[in-house]
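Visitor: Pick one helix in this model and walk me through it slowly, please. I'd like to see what sits around it too.

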Amino acid sequence: MTHPLIPQVIDLAAPVAAELGLEVVSAVFRTNQTPPVLRVDVRNLQQDTGLDDCERMSRAFEAVLDEVGIIPDAYVLEVSSPGISRVLKTDREFISFKGFPVIVTLDGPLDGKAEWVGNLVGRDDGFVYLNQKGRTMNLPRDRVTQVQLDERKKR
């Protein structure tokens, strides 16, 4: 379950990231740790996301969080890149990772399989498209529960 502060955190982080040429991909607040950890994943829109990007975002966003004071107690801010083992959600991600190997999980079996592996072709309102050895598979989008980059396969 998403922590109730996450929408506000993303609203605060997005303009900071944009000013630095970055995009906020996700955020999670792990309150089961001491101190709690606020993790914000960012992506550089022009090149691979590097340590410098994470450091710049961390410094700039920490100042905003301190000023606003939405987290009154001690916490750790962790800014990182989303990495390759990630779930695709936005249209931009589906465009950016076209051709990458993915694992598509369905809500139940389709043609005997609930998990499909192939290279991402794209998605539209009706389907997620996969290339499996030159054959395009059309998986009904309303049956898709997750599309994740397949880190087992190197591109």
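**A close look at α1**

Guide: Let's begin at the far end: just after α1, glycine 21 takes a positive phi of about 75 degrees. Helices (H or I, at least four residues) and strands (E, at least two) are DSSP runs here, numbered from the N terminus. Some ground rules: this is a predicted model, where local features need pLDDT of at least 70, side-chain atom pairs count only at pLDDT 80 or more, and totals for chains, interfaces and linings use all residues. Residues are numbered from 1 along each chain as its sequence is written, and side-chain values use heavy atoms, with hydrogens and water left out.

Now the helix itself. With 14 residues at 1.5 Å a residue, α1 should span 20 Å, and its end C-alpha atoms are indeed 20 Å apart, which agrees; the expected span is 1.5 Å times one less than the number of residues. There's a kink to look at, though: α1 bends by about 25 degrees at alanine 13, with proline 15 following within four residues. That bend is the angle between axes fitted to the seven residues ending there and the seven starting there.

Which residues of α1 are buried? They are Ile6, Val9, Leu12, Ala13, Val16 and Ala17, where buried means under 20% relative accessible area with a 1.4 Å probe, protein chains only. These buried residues pack against β1, β2 and α2, with contact meaning heavy atoms within 4.5 Å.

So much for the helix; on to the core around it. The largest nonpolar core has 23 residues, and α1 gives the most to it, with six. Such a core is a set of buried Ala, Val, Leu, Ile, Met, Phe, Trp, Tyr and Cys residues joined through side-chain atoms within 4.5 Å. Val9 is among the residues with the most contacts inside this core, as are Leu38, Phe61 and Leu77. Take Leu77: not counting residues up to four places away in sequence, this leucine touches Leu38, Val40, Ser58, Phe61, Glu62 and Leu65.

Finally, two of the helix's packing partners. β1 and β2 run antiparallel, joined by eight bridges; two strands pair if DSSP finds at least two bridges between them. A hairpin of six residues links β1 to β2, and glutamate 23 stands opposite arginine 43 in β2.

Methods. Buried < 20%, exposed > 50% of the residue type's maximum accessible area, 1.4 Å probe, protein only.
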